[in-house]
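The following exercises invite the reader to examine a protein chain step by step. Each task is followed by a worked solution.

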Amino acid sequence: MTFLTAPLPRRRSVAVDVGGVTVGGGAPIVVQSMTNTDTADIDATVRQVADLARAGSEIVRITVDRDESAAAVPRIRERLDRLGITVPLVGDFHYIGHKLLTDHPACAETLAKYRINPGNVGFKDKRDRQFTDIVELAIRYDKPVRIGVNWGSLDQELLTRLMDENQAAGFPLSAQEVTREAIVQSALLSAERAEEIGLPRSRIILSAKVSQVQDLIAVYVELARRSDHALHLGLTEAGMGTKGIVASSASMGILLQQGIGDTIRISLTPEPGGDRTREVQVAQELLQVMGFRAFVPVVAACPGCGRTTSTVFQELAKSIQDQIRDEMPVWRERYPGVEAMQVAVMGCIVNGPGESKHANIGISLPGTGETPAAPVFIDGKKAVTLRGPRIAEEFRALVIDYMEKRYGRGGAAADRVDGTAA
């Protein structure tokens, strides 16, 4: 029997430098996000970019839709730099991007990348001229460009032509298939045009955003087959809450498993007043659970059943997971490699000891009717048994102690000396 034990090899793509972050070319898959503030509101935008960067977003896109927004971009960059936030900023341009970049050279210089949509860069005779203007500005300022097709603003002339050709051929394709082909062609033809103008392939990233899972998979599989451009994955208008998370994870998980995708964004609609960093967390968790990257220690916890009527293991798992998220910006500096750590918080004797042995450090709490004792396993061996009302507090202390010994400067140095992985 043969088992698929790993994703397919990563598709070979051209590497693109985005403000010091490498996208494609075999580099680790990059997590990015986008602000939803008015970019002209410098305070709000700086605050949100900083939050996204601290949460782990490696590229942040901001809307540049009018003069006030363009004028704010250099000041936003200056404020972020003073805060020690170096995350690259990408300008999202629609309709008048060519004019804004021309009228605001400081904005054009400050941004790490320009994102343009070939479906709304201009219309009719203006389209080629305005697209050319933006590409020439990217060449002048040595900036990469993401050519981002979106089926909500697809080039209607291209779509109409392909529909007419399909009709003349006796309708061999469905309307959905023709639309998918129009999305792919829009991206590839635009990239070809950009290269003809003089923008090197190492300065081009492609994306093709749709809002249905099967459409996204089909479009990107075809893009990957026909091109070696770096690809940005994202399900647009994915939705809110669990629906958006499931749809994005299902579609992008399949593509990533096939080796397709160099950078991703989980486009979640936030709850009213919700935290924008949620989309960064989901993107990180998707890459981590699939084994592509490690961002934070993983907390394994059983789902609970009739044997675990106590809520202690649930509360302990949540408190540890919350602490990891809150402390990771500091822990990354203090404990190099800690993101690879695994913690297990189990609720009864059935799978508790076994799961705990698989983790770096794990605890098996007593289930209903079991002896009120909680064995703790460290690196596969039973280390101590906790009892009494302070089990949760004592286990959290053991986790911190483990991090200090294994990933602290002294522990990491010792591991390097004896040849084990830190």
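**Exercise 1. Which residue in strand 10 stands opposite valine 30?**

Solution. The model examined here is predicted. Begin with the pairing of the two strands: strand 3 is joined to strand 10 (residues 263–264) by two bridges, and the strands run parallel. Within this pairing, valine 30 faces threonine 263 of strand 10.

**Exercise 2. Determine how strand 3 continues to strand 4, and state the handedness of the crossover.**

Solution. First, consider the pairing: strand 3 and strand 4 (residues 59–63) are parallel and share three bridges. One residue pair can be named, since methionine 34 has arginine 61 in strand 4 as its bridge partner. Next, follow the chain: from strand 3 it passes through helix 1 (residues 42–55) and arrives at strand 4, forming a right-handed β-α-β crossover.

**Exercise 3. Establish whether strand 3 is mostly covered or not, and sort its residues by the direction in which they point.**

Solution. Strand 3 spans residues 30–34, and five of its five residues are buried, which makes the strand mostly covered. Then sort the residues by direction: Val30, Gln32 and Met34 point one way, while Val31 and Ser33 point the other way. Both groups are buried.

**Exercise 4. Place the strands in the arrangement to which they belong.**

Solution. As a general principle, the strands of a sheet pair through backbone hydrogen bonds, in either a parallel or an antiparallel manner. In this model, eight strands form a closed barrel in the order 3-4-5-6-7-8-9-10, with parallel pairing. A further pair of strands illustrates this: strand 5 (residues 89–93) and strand 6 (residues 113–116) are parallel and are connected by four bridges. Here valine 90 has lysine 113 of strand 6 as its bridge partner.

**Exercise 5. Decide whether threonine 277 and proline 118 are buried or exposed.**

Solution. Take threonine 277, which lies in the loop between strand 10 and helix 10 (278–289). Its relative accessibility is 15%, and therefore threonine 277 counts as buried. The cut-off for burial is under 20% relative accessible area. Leaving aside residues up to four places away in sequence, threonine 277 touches Asp51, Leu52 and Ala55.

Now take proline 118, located in the loop between strand 6 and helix 5 (125–141). Because its relative accessibility is 6%, proline 118 is also classed as buried. From proline 118 to glutamine 342, the separation is 224 residues in sequence and 44 Å in space, C-alpha to C-alpha.

**Exercise 6. Which residues line the largest cavity, and which helix gives the most to the lining?**

Solution. Start with the count: there is one cavity of 30 Å³ or more. The volume of the largest cavity is about 40 Å³. Its lining consists of Ile320, Gln323, Ile324, Trp331, Arg396, Val399 and Ile400. Helix 11 (312–334) and helix 13 (391–407) each contribute at least two residues to this lining, and helix 11 gives the most, with four. By character, the lining residues comprise five nonpolar, one polar and one charged.

**Exercise 7. Describe the protein chain as a whole.**

Solution. Count the elements: the chain has 14 helices and 15 strands. For its extent, the C-alpha atoms fill a box of roughly 80 × 55 × 45 Å along the principal axes. For burial, 49% of the 422 residues are buried. Finally, among contacts between residues at least 6 apart in sequence, 66% join residues at least 24 apart.

Notes:
Residues are numbered from 1 along each chain as its sequence is written. This is a predicted model: local features need pLDDT of at least 70, side-chain atom pairs count only at pLDDT 80 or more; totals for chains, interfaces and linings use all residues. Side-chain values use heavy atoms; hydrogens and water are left out. On a 1 Å grid over the protein atoms alone, a cavity is a set of points where a 1.4 Å probe fits but cannot get out, and a pocket is an open set with protein on both sides within 12 Å along at least five of seven lines; lining residues have an atom within 4 Å of a point. Grid points are joined across faces, edges and corners, and a volume is the space filled by probe spheres set on the points. Ala, Val, Leu, Ile, Met, Phe, Trp, Tyr, Cys and Pro count as nonpolar, Asp, Glu, Lys and Arg as charged, and the others, Gly among them, as polar. Buried means under 20% relative accessible area, exposed over 50%, partly exposed in between (1.4 Å probe, protein chains only). Two strands pair if DSSP finds at least two bridges between them. A crossover is right-handed if, with the strands pointing away from the viewer, the path from the first strand over the helix to the second runs clockwise. Contact means heavy atoms within 4.5 Å.
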